[in-house]
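Here are my comments on the model you sent round. I've kept them as numbered points so you can check each one against the coordinates.

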Amino acid sequence: MIDRFGAYADEAAFYSPAILENEELAQYLIDNGFFTAPASANHHGNYAGGLFDHSLNVFNRLNTLTKQCGLKWQRQDSPFIVGMFHDLCKIDQYKLVQEPTRCILDPLGCGDPVDIPGKTHYEYNNDILLTGHGEKSIILLSKFLTLTDEEILCIRYHMGAYQTDEWNQFDAAIRKYPNVLYTHMADMLASKIDEG
Ligand SMILES: [Fe+2]
Ligand SMILES: [Fe+2]
């Protein structure tokens, strides 16, 4: 799995050698399209590979914040686990739609009709079995890793103020684990600045 991390390979290997060697997780990610899925249908990362790029950006931001702000985590692997897999819920969330081929008359009107291949775009996949966002990421990830309490709350509340109906819970989670706020910050920096 390490060769997929490009310029961040050394950082990834530093944080999570055991996870990078977790073949069951690696196979799940490959088989289910983690490296080719988009991060959205209409917003940031709405292209094949967008989910991996966004996840890598969040890991990179969290890695930088950890070093520059001296963040302490319950275990060394956490910035990698939280950054790379906070949006694991998106692994099956969007589907590629092929638009139909259009047949148009030759514009000059003196030849055979011309087929114009249809474009492709992503749409929300209504056929998924498991809904939710941070909580879905936690459920999926828990099949392969035992998460710390801090990792669970960082992933669960990574949307931060965007989940306004859970403000009190977000606030309490930050008080218990300040890295919940840094995770939200890393997600915002990645999606609004790096990918904006
Ligand atoms: Fe998210
Ligand atoms: Fe995200």
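1. Leaving aside its neighbours within four places in sequence, which residues is Asp 115 in contact with? With those neighbours set aside, Asp 115 is in contact with Thr 101 and Cys 103. Keep in mind throughout that this is a predicted model.

2. Staying with that residue: Asp 115 sits in strand E3, which covers residues 114–116. Asp 115 counts as exposed because it has 10 C-beta neighbours inside 10 Å, and the cut-off for exposed is 12 or fewer. Its C-alpha atom and that of Arg 102 are separated by 5.7 Å, with the two residues 13 apart along the chain.

3. Now the overall layout. I get nine helices and four strands in the protein. Read from the N terminus, the order is α-α-α-α-α-β-β-β-β-α-α-α-α. The C-alpha trace spans about 70 × 40 × 35 Å along its principal axes. Of the 196 residues, 36% count as buried. For contacts between residues at least 6 apart in sequence, 61% join residues at least 24 apart.

4. On the domains: the assignment gives domain 1 as 2–93 + 132–194 and domain 2 as 94–127. Their C-alpha centres lie 36 Å apart. How many residues of each are in contact with the other domain? Six residues of domain 1 are in contact with five residues of domain 2. The side of domain 1 that touches domain 2 divides into three nonpolar residues, two polar and one charged.

5. Next, the H6 and H7 pair. Helix H6 (residues 134–141) packs with H7 at an angle of about 140°, and the axes are 7 Å apart. H6 and H7 are therefore oblique to each other; roughly antiparallel would need an angle over 145 degrees. From H6, the residues involved are Gly 134, Glu 135, Ser 137 and Ile 138, which meet Ile 152, Ile 155 and Arg 156 in H7. By type, the residues of this contact divide into three nonpolar, two polar and two charged.

6. H7 also packs with H9. For helix H7 (residues 149–156) and helix H9 (residues 179–194), the angle is about 40° and the axes are 8 Å apart. Why do H7 and H9 count as oblique to each other? Angles under 35 degrees count as roughly parallel and 65 to 115 as roughly perpendicular, with oblique covering what falls outside the named ranges, so at about 40° the H7 and H9 pair is oblique. H7 passes H9 in a right-handed crossing. Glu 150, Leu 153 and Cys 154 of H7 make the contact with Asn 179, Val 180 and Thr 183 of H9. That contact of H7 with H9 divides into three nonpolar residues, two polar and one charged.

7. Last, the buried part of H9. Which residues in H9 are buried? They are Asn 179, Val 180, Tyr 182, Thr 183, His 184, Ala 186, Asp 187, Ala 190 and Ser 191. The buried residues of H9 pack against helix H4 (50–69), helix H5 (78–85), H7 and helix H8 (167–176). When you view this region, start from Asn 179, Val 180 and Thr 183, which belong to the contact with H7 and are among the buried residues of H9.

Technical notes: Residues are numbered from 1 along each chain as its sequence is written. Chains are lettered from A and ligands numbered from 1 in the order in which they are written. This is a predicted model: local features need pLDDT of at least 70, side-chain atom pairs count only at pLDDT 80 or more; totals for chains, interfaces and linings use all residues. Axes are lines fitted to C-alpha atoms, for helices over the stretch in contact, and angles run from 0 to 180 degrees between N-to-C directions. Helices (H or I, at least four residues) and strands (E, at least two) are DSSP runs, numbered from the N terminus. A crossing is left-handed if the near helix is turned anticlockwise from the far one by less than a right angle, and right-handed if clockwise. Two residues are in contact if their C-beta atoms, placed from the backbone, lie within 7 Å. Ala, Val, Leu, Ile, Met, Phe, Trp, Tyr, Cys and Pro count as nonpolar, Asp, Glu, Lys and Arg as charged, and the others, Gly among them, as polar. Domain bounds come from an automatic or database domain assignment. A residue is buried if 20 or more other C-beta atoms lie within 10 Å of its own, exposed if 12 or fewer, and partly exposed in between; C-beta atoms are placed from the backbone.
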